[in-house]
Amino acid sequence: MDFKTHSTGVNGLAGVAADALLVLVTGTRVAQDLERPLADVLAAAVKDGDFEFKAGQTLYAHRVAGVKTARVVFAYLADGSAKAMRKAVGAGLASVKGTGARHLAIAQAGGDAWSGECGEALVAAVSEAVYLYRETKPSAPAASKLATVSVVCARGDTAALSAGLRRGQAIAAGTALARECANRPANHCTPSFLAAQARQLGKSFGLKVEVLERKDCEKLGMGSFLAVAQGSEQAPKFIVARWQGAAKGDAPVVLVGKGITFDTGGISLKPAAEMDEMKFDMGGAASVLGTLRAVAQAQAKVNLVGIIPACENMPSGRAIKPGDVVTSLSGQTIEILNTDAEGRLILCDALTYAERFKPAVVVDVATLTGACVIALGHHRSGLFSADDALAAELLAAGEQALDPAWRMPLDEEYDEALKSNFADMANVGPRAGGSITAAMFLKRFTGKLRWAHLDIAGTAWKSGAAKGATGRPVGLLTHFVLGRAK
Ligand code: BES
Ligand code: MN
Ligand code: ZN
């Protein structure tokens, strides 16, 4: 989809040439803020009790006399914030996306001039609304016909808006890629599929992609990653993708994404209810691919490395058993008390591997613990870092992207829980504070790295009627990486 700015012509909003016009209304001064035929329609609807001046309200009108666009949608915009913009555009899109409209114009009445942040939020809302999973559902409704969105600006400088639209499009494309990968069922989205996706990204966007096979990982000594992979018939893939947007010697940002393409729990088998949702357990990996795409599309002057350990967690005659002790790439040994705490087992080797890039910072992203969902629900991702400056940077990126996180603790007292009589550490502690002990486990593999961990178990997908991947936290990560660009 293409987003562009459009200045109102001499005929005003009524003369805009498009298939549909979305008018975002702020305040109640309709007569002053909106021109005649449109103002009359809205005023009549208010009088009839069909439209109220409050967030979430929309009104659809077809073939309004004196208005060029066949379809007009009004949506109430609460204020000038990016968040309100995303909500209003999302609400308005509901009555446009299923129509034959190919070209949508979006205008404001009564609001502030367009900011870059609002432009970015507008793109996010439109892209989110038109995304539809189709790959394995031939009966899915036809894809949206919407191809062009023009943002109508009556006044002011459009440079900031244009930049916001461009940034929004890069993030939207990355988010859509992450959603699509995560939505695919585990018999389609295998470790090999993720590797192929990375290679394809590499070709299209000029990334260097390397995929380590099982034997490569054996040679390196990734005993922890391979222990999880050993129960599955699917070949594990350790994917490394690099974007070089800055000088060669510039220390890269390294993103590590959990790529469990299906998590049965292994021998510590999960209950059957909702186990299908464990196809989303590669949401961290998907968000790393999406962020690579967004950063490359934005041609950001920054070096970025994405590392994705990908495998399945299956029970079988070859699978790891509770009590097994494995040796990680770092040399530290791990007693696997619960085979369902597999995410940390693949991430720890990836974190050790990350050291070779001499990173400026490392951020891992993982659907790591059910405990994080209990702590934070589905709105904010869990952020763990011992580095205050890095934590602040990531939290700010989350706010800017409307993809928020919340900081969780990492006091050394929590480390006690990981004591083992048979190895350097156990892979689980007691139930209490489960998302924190998981993070403490990872911390043992980060040495002197500047490191942060995002637990996206509650934010990577939605359950219930709206079941599907969200593409989070591509927005947060992209803002974070772009913020570090030259
Ligand atoms: N992938 C799960 C975490 C998860 C569970 C995410 C439910 C979203 C919803 C992870 O591998 C896991 O199974 N974690 C265990 C850890 C426990 C055994 C210490 C959990 O959270 O139950
Ligand atoms: Mn698990
Ligand atoms: Zn898992």
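**Figure 1. Strand S10, a strand enclosed by its surroundings.** In this predicted model, all five of the five residues of strand S10 (259-263) are buried (under 20% relative accessible area with a 1.4 Å probe and protein chains only, where exposed is over 50% and partly exposed lies in between), so S10 is largely enclosed by the rest of the structure. Strands here are DSSP runs of E with at least two residues, and helices are runs of H or I with at least four, numbered from the N terminus. S10 runs parallel to its partner, strand S11 (residues 303-313), and four bridges join them; two strands count as a pair if DSSP finds at least two bridges between them. Look for Asp263, whose bridge partner in S11 is Asn313. Strands of a sheet pair through backbone hydrogen bonds, either parallel or antiparallel.

*How to read these views.* Residues are numbered from 1 along each chain as its sequence is written, while chains are lettered from A and ligands numbered from 1 in the order in which they are written. In this predicted model, local features need pLDDT of at least 70 and side-chain atom pairs count only at pLDDT 80 or more, with totals for chains, interfaces and linings using all residues; side-chain values use heavy atoms, leaving out hydrogens and water.

**Figure 2. The zinc ion (ligand 3) and its donors.** Lys258 (NZ), Asp263 (OD), Asp281 (OD) and Glu342 (OE) coordinate the zinc ion (ligand 3) at 2.0 to 2.4 Å. Donors are N, O and S atoms within 2.8 Å of the metal (3.2 Å for Na, K and Ca), and water is not among the atoms, so sites may look incomplete. The six donor atoms make angles of 78 to 175 degrees, and the site of the zinc ion (ligand 3) is octahedral. Six donors earn that name if opposite donors are over 155 degrees apart and all others between 65 and 115; four count as square planar by the same test, or as tetrahedral if all angles lie between 85 and 135 degrees, and anything else is irregular. Along the sequence, the donor residues follow the spacing K-x4-D-x17-D-x60-E. Distant parts of the chain are linked here: Lys258, in the loop between strand S9 (253-257) and S10, and Glu342, in the loop between strand S13 (333-336) and helix H10 (343-354), are 84 residues apart. Lys258 and Glu342 are both buried.

**Figure 3. The manganese ion (ligand 2) beside the zinc ion.** The two ions are 3.2 Å apart, and Asp263 coordinates both. For the manganese ion (ligand 2), the protein donors are Asp263 (OD), Asp340 (O), Asp340 (OD) and Glu342 (OE), at 2.1 to 2.2 Å. This site also has six donor atoms, but with angles of 72 to 168 degrees it is irregular. Asp263 is buried, with a relative accessible area of 2%, and Glu342 is buried at 0%.

**Figure 4. An open sheet of three strands.** The strands stand in the order S12-S13-S17, with mixed pairing. Strand S12 (324-327) and strand S17 (425-426) are at the edges with a single partner strand each, so one side of each has no neighbour in the sheet. S12 and S13 pair in the antiparallel sense over four bridges, and Asp324 has Ile336 in S13 as its bridge partner.
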